[in-house]
Amino acid sequence: MAEPQLLEIRGLEKSFPGVRALQGVDFTVRRGEVHALMGENGAGKSTLIKALTGVYDRDGGDSRLDGQSIRPGSPREAEALGISTVYQEVNLIPHLSVAENICLGRQPSAFGFLKWGAIHRRAERALARLDLTLDVSRQLSSFSIAIQQMVALARALDVDAKLLILDEPTSSLDENEVAELFKVMRKLRTEGLGIVFVTHFLDQVYSVTDRITVLRNGKHVGEYATTELPRLELVARMIGKDVSEVEKMNHPPADAAAPPAAAAPFLEVANFGRKGSIYPLDLSVKPGEVVGLAGLLGSGRTEIARLIFGVDRADSGVLKIDGQTVTINNPRDALKQRIAFTAEDRKVDGIIPNLSIRENIVLALQASRGPWARIGRAEQNALADRFIKALGVKTPGPEQLIKNLSGGNQQKVLLGRWLATEPKLFILDEPTRGIDVGAKAEIEKLIASLRKQGLAILFISSELEEVVRDSQRVIILRDRRKVGELAAEQISEQAIMQMIAAPTGESQAVLHPSS
Amino acid sequence: MNVLSDLLFWAVFAGGLFALRQQRIFWPLLALALLLLFNNLFTPYFFNLEIRNGYLYGSRIDILNQGAKVMLVSLGMTLVIATGGVDLSVGAVMALAGAVAARLMVVDGHGFTTAFFGAIFVALLCGAWNGALVAYLGIQPIIATLILMVAGRGIAQLVSDGQIINFADPTMVFLGNGHLLGLPFTLTIVLALLAATWMLTRRTALGLFIEAVGDNPTASRYSGVNARLVTFLAYLFTGLCSGLAGLVAASNIKSADANHAGLYLELDAILAVVVGGTALTGGRFYLVGSLVGALLIQTLTTTMYARNVSADIAPMPKALVIIAVCLLQSEKARRYLSRFTRRPATPPALPSPAVAPSVIASPAQP
Amino acid sequence: MKKIDPKYIPLLATAVVMVALYAGGCLAYPNFGSLRVLVNLLGDNAFIGIAAVGATFVIISGGIDLSVGSVIAFTGILIAQMVGHGWPPMLALSASLFIGLIFGAIQGALIHGFALPPFLVTLGGMFFLRGLSFVVNPESLAIKHPFYLTTVRALAIPLTQRPIVTFPLTAQCFIVVVIAATALAIYTRFGRNVYAIGSSEPSAVLMGLPVATTKIGIYALAGFFSALGGCVATFYMQSGNPASFVGLELDAIASVAIGGTLLTGGVGFIPGTMMGVLILGLIQTLITFQGNLNTWWTRIAVGVLLLLFIALQKAVGARRR
């Protein structure tokens with residue numbers, strides 16, 4: 001204990017109204033290491049990072065940098081302390097030059113006048129540290145995302161950073177770009193920097209990090225040396241299981257044993273993909289069948305749903321409905337094909353917050369009928385009452401604004417919105433996320449009963465046990481690729497986890513550390 | 001006689017206020033009531049009401065008559081603002097519609113019907129232009145409608161050859177000066193357009209779509225709503241409203257004045273909509289609220305006339321009303337205010353709702 | 001050859017339009033190319049040009065300022081009134097500049113502090129100052145002071161003797177303002193922060209830039225430049241009039257847009273705005289030379305140009321994506 005660690009966080013607490021986002025989290029980063037911060041949605045990763053970079057103030061606990069207690073009040077103060085951050089979305093100024101983006105706010109100047117020559121030289125020096133030579137006078141937005149990410153990194157390092165936080169910097173990079181980034185990370189590590197690395201790609205964790213801290217539901221699960229933590233165990237820790245427990249649970253789920261009712265698929269896609277979002281894949285869903293999509297966050301689960309529903313356009317492959325090739329360019333086309341979709345982010349893509357439950361329920365049905373054939377008020381009331389009752393929405397009445405409902409009840413209203421259109425295929429993206437246990441069970445029950453009524457269902461969830469419990473077939477995704485498919489009695493949490501955790505041969509070849 | 005009619009007026013007004021105490025419209029109505037009460041007590045002759053040739057005359061009737069233009073425009077503006085946009089070109093479109101009608105009648109010798117429909121057609125064209133720029137080309141509303149705001153008056157002057165065209169067509173003159181059942185005919189036009197707007201938005205699903213698109217455009221698109229078409233129609237309809245208002249404005253002064261017709265009216269209309277309870281960020285809209293807002297603004301103007309305040313100074317109090325109303329609607333201002341009135345009882349806004357709620361649901365599965 | 005950065009395409013188009021208009025005028029009318037026309041072009045449009053420079057900063061930052069015309073009119077009548085009451089002109093000018101600055105700062109504080117839409121706040125500002133102008137003096141007021149009657153004229157720089165052509169004080173102010181503002185935009189942190197905020201305000205916050213002070217500063221600066229435009233207008237008009245310059249804000253915004261400044265913020269050029277103002281002036285001059293064309297053609301031409309430049313910005317922006 002002669003020398004304090006670079007960063008030591010003890011018992012960090014942070015609450016938001018109604019939520020304990022961080023519950024006594026410990027986190028230690030040493031000099032000269034790359035430290036992976038892992039966890040699924042809601043684990044508390046981003047809250048921890050924001051508390052570290054001064055976006056949030058902590059409620060309790062202590063953080064020390066080089067043994068000194070710190071409490072940054074803004075990103076600027078954190079930067080002054082030596083904590084720099086590169087975010088997933090490039091947080092730079094697209095219209096300004098590379099040089100300016102690196103130096104903005106701390107440009108060399110004399111008598112209040114900027115010294116452009118010095119600015120350019122400083123930017124070039126900062127990039128040279130990353131082994132990068134660019135025309136720094138060019139506008140940032142004229143470069144690729146990968147280069148922009150590097151510029152962000154150069155900016156972060158330009159302030160004598162001691163601790164560098166990389167918050168999912170690789171999510172929009174291709175393999176070669178990731179390899180470049182890793183080269184730089186390894187170089188910085190040898191310079192003695194502490195690097196916190198957040199990613200969803202397991203291959204990347206194993207190729208570049210030294211230690212791993214896992215968080216789950218705002219709690220510290222554990223800290224491990226990367227070489228001592230097998231992949232399967234990491235996945236198990238992230239989703240809150242013991243490996244031994246998982247192995248014991250290796251029995252086929254009861255409901256899944258029932259074979260699908262129909263033979264011909266309702267939806268069939270072949271070689272279906274979109275550049276930069278999901279590699280081409282095949283997939284089909286039959287009526288009376290629940291197909292689960294399993295994979296970690298960022299594995300391409302949501303991207304498939306968006307492609308099928310026409311939110312994004314596929315740039316390869318064909319999509320067939322009932323054996324007929326169709327083109328779906330937007331959600332309206334999907335609605336015409338009787339496809340329904342509840343998006344992962346309820347607040348942004350789902351609810352119309354200031355409209356009533358009734359209006360939220362009739363919206364999609366009304367949209368499918370067009371603006372002129374208005375659904376009469378009596379029919380609207382009947383629809384609202386029907387779905388409030390059928391789905392057990394807890395509300396004083398249908399005229400309540402949807403924004404006043406709890407998450408679970410909002411989700412039920414959104415399910416009602418789509419069930420009102422009598423869909424043949426229902427795509428459910430994380431329908432149980434962020435809602436209480438009771439509502440979760442109800443929604444799972446609903447999925448089962450819809451399947452029995454003959455709906456085709458594509459079910460996305462990061463809760464493996466839900467996927468296992470509710471699906472007849474499971475498609476496993478890793479790093480934006482389909483890596484496997486399990487059916488009926490093959491389906492088990494362990495089998496899925498093994499497929500998720502398996503290393504990708506080619507990427508390992510490219511990315512394996514040379515040490 | 002006058003005392004009796006005043007009492008009756010206040011009884012009806014107070015009854016209305018009480019009945020609407022739970023509604024959004026209560027606040028603008030209350031403001032209107034206070035302003036009228038002030039006039040009743042302190043402005044001589046303001047509440048005089050007399051019958052000449054079977055028509056009613058008085059300041060309150062003036063307000064209804066003079067406020068008609070803003071009321072007409074504010075109906076369309078309500079829909080545009082509900083989609084989350086704004087239309088700055090309404091004043092210019094009014095000038096253009098008046099010029100087209102006057103030209104068709106006086107220069108080209110057509111009858112009223114041709115002039116009327118010609119003007120409305122041109123106004124719809126303007127609305128379609130704005131709508132296309134905003135909805136289909138994706139230009140921000142302020143900028144897109146600025147183009148017509150700048151060029152529209154020029155085109156109007158081109159149409160009227162730079163002259164103020166006087167006309168005497170009795171039907172055209174009747175639009176802005178006639179009476180029906182003792183009340184100004186403009187009031188009939190306003191009520192007719194209100195009814196039409198209401199039918200168009202509340203008897204079809206357009207109203208629902210407009211509110212959905214204005215409140216959450218992404219979620220509306222995901223639900224299959226044709227957001228572009230809805231936005232386009234809102235601007236198209238505003239073109240129609242501006243056209244009607246332009247005809248009334250021209251009729252009021254029996255001439256088309258391309259320079260001054262509808263000048264600054266876009267500002268009054270926006271103000272009326274905001275005062276009426278429709279938020280500038282879009283979403284829920286209140287047609288009758290906008291009309292009350294328009295009346296409030298007109299009452300303010302008429303009050304100042306009646307109190308011999310120069311018409312030129314009138315914009316000042318209007319400006320203060322704009323800022324005050326905006327501050328009342330502003331989330332931040334409310335937060336500051338509640339910090340002063342209450343102790344920190346109100347929790348700070350949830351900084352990251354996207355992350356936080358998922359933690360509540362931590363499933364400790366048995 | 002180095003490829004042209006797409007953000008300079010609108011600016012290049014502006015330069016081409018300006019040169020084409022000037023060349024066209026010279027070819028069509030014998031006197032158009034004279035030095036006097038050129039000097040008048042600068043002098044007559046100086047006040048709007050100065051105000052447009054202020055508006056450029058606002059638009060680069062992603063905002064909009066509709067109070068320009070009212071500030072100019074208010075400044076004019078205020079100076080006329082103060083000088084009429086015996087204030088020394090220099091004191092009256094400084095006082096009005098200070099008032100413009102404070103007025104702009106208040107608008108900026110409302111916009112940033114309460115997250116109000118800029119167009120509404122400055123709309124209120126426009127109404128307020130227009131009304132206040134009439135409170136100061138309801139009628140047009142001539143300024144009869146030796147400074148105005150002789151000094152302003154004496155400060156003009158003689159260019160040629162026969163015919164006598166001088167470079168007026170108004171045009172001098174315009175040139176100085178353009179140079180100073182260009183320097184401010186390119187060579188100061190404040191200037192660069194304006195661009196950063198207009199391009200991406202959330203990023204600017206995360207990068208630790210002083211967003212609040214910059215935003216208030218931008219509107220204060222715009223108020224100052226509008227007031228300066230008002231001062232210059234009094235040199236030119238030798239009077240103040242509370243009813244003048246109605247709708248001038250639109251000309252200012254149009255000049256800025258035609259000058260290659262992105263109306264969505266983040267990209268803009270002060271010299272471009274100067275060219276935009278000159279293009280508007282050239283159109284007016286051309287129509288005056290034509291004689292039988294009416295002035296409303298100016299509005300239509302401005303509208304068409306505005307449309308073309310917005311379309312150009314949209315096209316360039318779409319291609320970049």
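Begin by selecting chain A and displaying its contacts in this predicted model: among those that join residues at least 6 apart in sequence, 67% link residues at least 24 apart.

Keep chain A selected and switch to a cartoon view, in which the secondary structure amounts to 19 helices and 22 strands. If you then turn the chain along its principal axes, the C-alpha atoms occupy a box of roughly 70 × 55 × 45 Å. The radius of gyration of chain A is 25 Å, which agrees with the value near 24 Å for a compact globule of 515 residues.

Next, colour chain A by burial, where 60% of its 515 residues count as buried, and then show its accessible surface, which comes to about 19800 Å², with 50% of that belonging to carbon and sulfur atoms. For a view of the charges, select the 65 positive and 65 negative ones of chain A, whose mean positions lie 4 Å apart.

Now move to the interior and select Leu153(A), Leu267(A), Leu283(A), Ile308(A), Phe426(A), Ile496(A) and Phe57(C), the residues that touch the most other members of the largest nonpolar core, which has 366 residues. Centre the view on Leu283(A): leaving aside residues up to four places away in sequence, Leu283(A) touches Leu267(A), Glu268(A), Val269(A), Leu293(A), Ile304(A), Leu458(A) and Ile475(A). As a last stop, select Leu7(A), Ile49(A), Ala51(A) and Val198(A), which are among the 23 residues of another core lying apart from the largest one.

Notes:
Residues numbered from 1 in each chain as written. Chains lettered and ligands numbered in written order. Predicted model: local features only at pLDDT ≥ 70, side-chain atom pairs only at ≥ 80, totals over all residues. Heavy atoms only, no water. Core = buried A, V, L, I, M, F, W, Y, C linked by side-chain atoms within 4.5 Å. Buried < 20%, exposed > 50% of the residue type's maximum accessible area, 1.4 Å probe, protein only. Contact = heavy atoms within 4.5 Å. Helix = DSSP H or I, 4+ residues; strand = E, 2+ residues; numbered from the N terminus. Rg over C-alpha atoms; globule rule 2.2 N^0.38 Å. Areas by Shrake-Rupley, 256 points an atom, 1.4 Å probe, with all protein chains shown as cover. Lys, Arg positive; Asp, Glu negative; His and termini not counted. Charge placed at Lys NZ, Arg CZ, Asp CG, Glu CD.
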